[in-house]
Amino acid sequence: MSLASHPRRWVGLRVAADYLRIDARTLRARIEDGRLEAIRDGRTYRISLTALADYEARRDGRDRADVLVRISGDLGAHG
């Protein structure tokens, strides 16, 4: 599934943390210190797929387009 046709544009904190292979508390800290853009949703956060790709590209020193291709496949079942 391509990112453009992904059924959801946002994922929860746990799905994003699983995708990045880091603990949800670590990801929350990255959001709170401004390294990852997210929207507060009650007691948790919602992260856009674009923000997730931007964060991963910066973290890994890769081109964002490469990351978007991987996200579209890895998050297809999680939404």
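## A walk through the fold

Let's start with a helix on a sheet: α2 lies across β2 and β3, and its direction makes an angle of about 75° with β3. Keep in mind as you look around that this is a predicted model. Another helix, α1, lies across β1 and β3, running at about 90° to β1.

Now step back for the overall layout. The protein has 79 residues, and 35% of them count as buried. Its secondary structure adds up to 4 helices and 3 strands. If you trace the chain from the N terminus, the elements come in the order β-α-α-β-β-α-α. As for the outside, about 4,800 Å² is exposed, with carbon and sulfur atoms supplying 46% of that.

How are the strands arranged? The 3 strands make an open sheet in the order β1-β3-β2, with antiparallel pairing. That leaves β1 and β2 as the edge strands, each pairing on one side only. From one strand to the next, the twist averages 40°. In general, strands of a sheet pair through backbone hydrogen bonds, either parallel or antiparallel.

Let's take the two pairings in turn. Strand β1, residues 10-12, is joined to β3 by 3 bridges, and the two run antiparallel. Here you can find valine 11, whose bridge partner in β3 is isoleucine 47. On the other pairing, β2 covers residues 39-41 and is likewise joined to β3 by 3 bridges, again antiparallel. Look for aspartate 41, which stands opposite threonine 44 in β3. β2 and β3 form a hairpin with 2 residues between the strands, and in this hairpin glycine 42 takes a positive phi near 70°.

While we're on β3, have a look at tyrosine 45, which is found in that strand. Is tyrosine 45 buried or exposed? With a relative accessibility of 9%, tyrosine 45 counts as buried, because the cut-off for that is under 20%. Leaving aside residues up to four places away in sequence, tyrosine 45 touches Val11, Gly12, Leu13, Arg28, Ile31, Glu32, Ala38, Ile39 and Arg40. One of these, glycine 12, sits 33 residues away along the chain, yet its C-alpha atom is separated from that of tyrosine 45 by 6.1 Å. With glutamate 32, the tyrosine 45 side chain makes a polar contact, side chain to side chain, at 3.2 Å.

Contacts that span a long stretch of sequence show up across the protein as well. Among contacts between residues at least 6 apart in sequence, 50% join residues at least 24 apart.

Finally, let's go inside. Which residues touch the most other members of the largest nonpolar core? That core has 15 residues, and the answer is Leu27, Ile31, Leu36, Ile47 and Leu52. The elements giving two or more residues to this core are α1 (13-20), α2 (24-32), β3 (44-48) and α3 (49-60). The largest share, 5 residues, comes from α1. Two of the core names have already come up on our walk: Ile47 is the bridge partner of valine 11, and Ile31 is among the residues that tyrosine 45 touches.

Methods
Residues numbered from 1 in each chain as written. Predicted model: local features only at pLDDT ≥ 70, side-chain atom pairs only at ≥ 80, totals over all residues. Heavy atoms only, no water. Core = buried A, V, L, I, M, F, W, Y, C linked by side-chain atoms within 4.5 Å. Buried < 20%, exposed > 50% of the residue type's maximum accessible area, 1.4 Å probe, protein only. Pairing = 2+ DSSP bridges. Contact = heavy atoms within 4.5 Å. Polar contact = N/O pair within 3.5 Å; in protein donor to acceptor, adjacent residues only side chain to side chain. Areas by Shrake-Rupley, 256 points an atom, 1.4 Å probe, with all protein chains shown as cover. Axes fitted to C-alpha atoms, helices over the stretch in contact; angles between N-to-C directions.
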